[in-house]
Amino acid sequence: MTPSALFLQQVINGLSLGAMYSLLALGFTLVYGILELINFSHFNVFMVGSFIAMWVLQFFGLSGQQVILTGWPLLGVLGAALLITMLATGLLGVGIERFSLRPLRNVPGPVAMITTIGISYILFNVILLTVGAETKNFPNPLPMVKWHVGGAVVELREVLIWAISLVLMLLLQFFVQRSRLGKAMRATAQDPEAARMMGVEVDRVVITAFFLGSALAGAGGMFFGLYYNFTSFLIGYTAGLRAFTAAVLGGIGSVPGAMVGGVMIGLIESLSGQYIAVRWSDVIIFSILVLILVFRPAGLFGRLAPTKS
Amino acid sequence: MRISRRSANQIILASAAAMAGGLRIEAAAAAGKVIEIGIALPLTGADADSAHRILNGALLAIKQANDSGEVKGYTLKPLILDNATPTAGQYDPAQAATNARKMVSNPAVMAAVGPEMSGSGKAMAPILSEGDLATITPSSTSPDLTNPQFAAQFRPAGKAIYFRTVTTDAFQGPNMANFYAETLKAKSVYVLDDSGAYGVGLANAFIGQAKKKGIHVLGHDRLDPKAADYTTALTKIKALNADSIYYGGVMQAGAKLAKQAYDIVPKMIKGGGDGIYAPEMLTAVGFPAAEGWYATIASPHVTDNPKVQAWVKLYAATYHTQPDDYAITAYDAGLVIVDALRRIVAAGKPITRALVRDYIQSSKTPTLQGVVSFDANGDITNRVVSVFQVVKNPKYPLNDMLKQFKYVGVAPQT
């Protein structure tokens, strides 16, 4: 491998990581933008998503990497799994909001945030105690198709993850910018009080933010399984913390910021692993988090955080 | 009066008899005094499967001792403690230390079996030493634990309390390096570890001997066991054109490494220590990704030994799972403790922790792996490292440890 091919290969690896971090970061950003709440249960909604995707794929008769599909059956199975997973995790997010966060909506201080940590632990332990602690073999029906580009290898599953992630993110951006509900979301983010006075149903806006964020986390969880061929009850923390860093890097509350931040964290992870050492990756990523919080708390893309405070 | 020691053959015969006829030997003093034997293992989390095989081995030894009334006037009772926590997702040294305190503060506990992991052992050993409580580990292989150089740290009270029925990474790593050089003819290697006490020590021991054997060590990096993505490290290794990878660590990182290595460097020689001689290699990794991986254990391979077959059947019938070699070393650890207790009773002495330790120290106990005895530091005197390779055997279930890990032989000793 030439140095340039190696660089390209690590960029490809970083983009795949980045796509997952972006999907996850969007959930942090959507909820923070509207409620000014850091939702730590998001970590494990992602983890539950990967298990739901695993069960759906197993329901379709897939196990491990033994069954390979092509053409329409492949698209059908993956499409159905993606829709069911996103719907299920979206509803999980709505449930979390409705039953544990809404009653606390007007309680000041960090009560709601601590509640989300509690919910995160509940999800974590429910999966741990029901499905067990072992690493699970995630069913993957994708054929092993590889392309050689400039000495580096790109796999079908990577291209698929990039493409679907990009489409989902563009749809989200379109929704937030163009739809009526999206407009209501932006209005609530700017000034919830004024939005309510203008007739915006804030509860509906909050539920939409939780649904969309959690659905994207579910998609991220499914891509995680397809990319790594495994899942486990533990995957939420590392991925969640890095995605959170991505959201802060891009500017928490900013939708394009979360996308760009995710890709940047993915690239930083893979390139620092190559040119420094893998054992330093976390130090570098979380140093960035600290530096951003100290010197540029609004992140690269600045705001969308509520102006009320 | 000397009472002749129970021989391995008798154990096997007793096992076979108990299985065949349901023969129940009346306990001599069933209602006698109770001695507890602490068993601290990571029973939940990523290593739960192998931990339960070890637990069963120890329980079987205790059960047989009670059934035969071997320790006259006493009933043995296991005190089972979990060394894993949900936050760690695997063994947690802090929890292991807590468990060591629980055992030490319980006056009925006279000896212990465990822990499984060296990281736990390092946390437990100083506490056990202060409490004068001997433990016998069936699987923790970090040499530091028994190294006199670290005596101040791991046995502050002076005497050896950490005994092993396996040898250490001071042999497991270097002997595998010999195997890489002599048998696999590897010219270069990239070494990874999982940041744990066991993994780092094993990787360093491997590197030391690999360099002596003329293998070019291209690098040594550390994986975060909670991270998911090791493609960066593997891409780097691929670009370096390494002949081989050596991984020091357990399955939490190992399962992901094996899966991703199959995608990126499918043809490279890949191996590790006893941390990856684990059921997860077949369940979580599975075929085809697991195929070809080498793993070692720090004990002789006896589960295929025809003489041990009756015991293997008894174990499988009792616990509905196949034993692995560390189930045997755990059973052997139980036998050593029972033997020590029996000799104390036979000598007419009161059972105290100090005496149990001394009698374990002077053991010459016949076990399934042969006669077990210890050096002054607690290490087993027999230093055999066995090598296995994952080779798909479609005639047997694909998760059958005993059939899908093919025994390759004993790794060359230095």
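Into which domains is chain B divided? In this predicted model, local features need pLDDT of at least 70 and side-chain atom pairs count only at pLDDT 80 or more, while totals for chains, interfaces and linings use all residues. Residues are numbered from 1 along each chain as its sequence is written, with chains lettered from A and ligands numbered from 1 in the order in which they are written.

Chain B splits into domain 1 (8-168 + 303-372) and domain 2 (169-297 + 386-410), with bounds taken from an automatic or database domain assignment. Going by C-alpha atoms, the centres of these two domains of chain B sit 28 Å apart. Where they touch, 23 residues of domain 1 of chain B are in contact with 20 residues of domain 2 of chain B; contact here means C-beta atoms, placed from the backbone, within 7 Å.

On the domain 1 side, helices H2 (48-68), H4 (118-130) and H12 (325-346) of chain B each give two or more residues. Helices are DSSP runs (H or I, at least four residues), numbered from the N terminus. H4(B) chips in the largest share, 3 residues. By type, this side of domain 1 of chain B has 4 nonpolar, 12 polar and 7 charged residues. Ala, Val, Leu, Ile, Met, Phe, Trp, Tyr, Cys and Pro count as nonpolar, Asp, Glu, Lys and Arg as charged, and the others, Gly among them, as polar.

Then there is the largest nonpolar core, with 223 residues. Such a core is a set of buried Ala, Val, Leu, Ile, Met, Phe, Trp, Tyr and Cys residues joined through C-beta atoms within 7 Å, where buried means 20 or more other C-beta atoms within 10 Å of a residue's own. Ala58(B) is among the members that touch the most others.

Terms used:
Contact = placed C-beta atoms within 7 Å. Buried ≥ 20, exposed ≤ 12 C-beta atoms within 10 Å, placed from the backbone.
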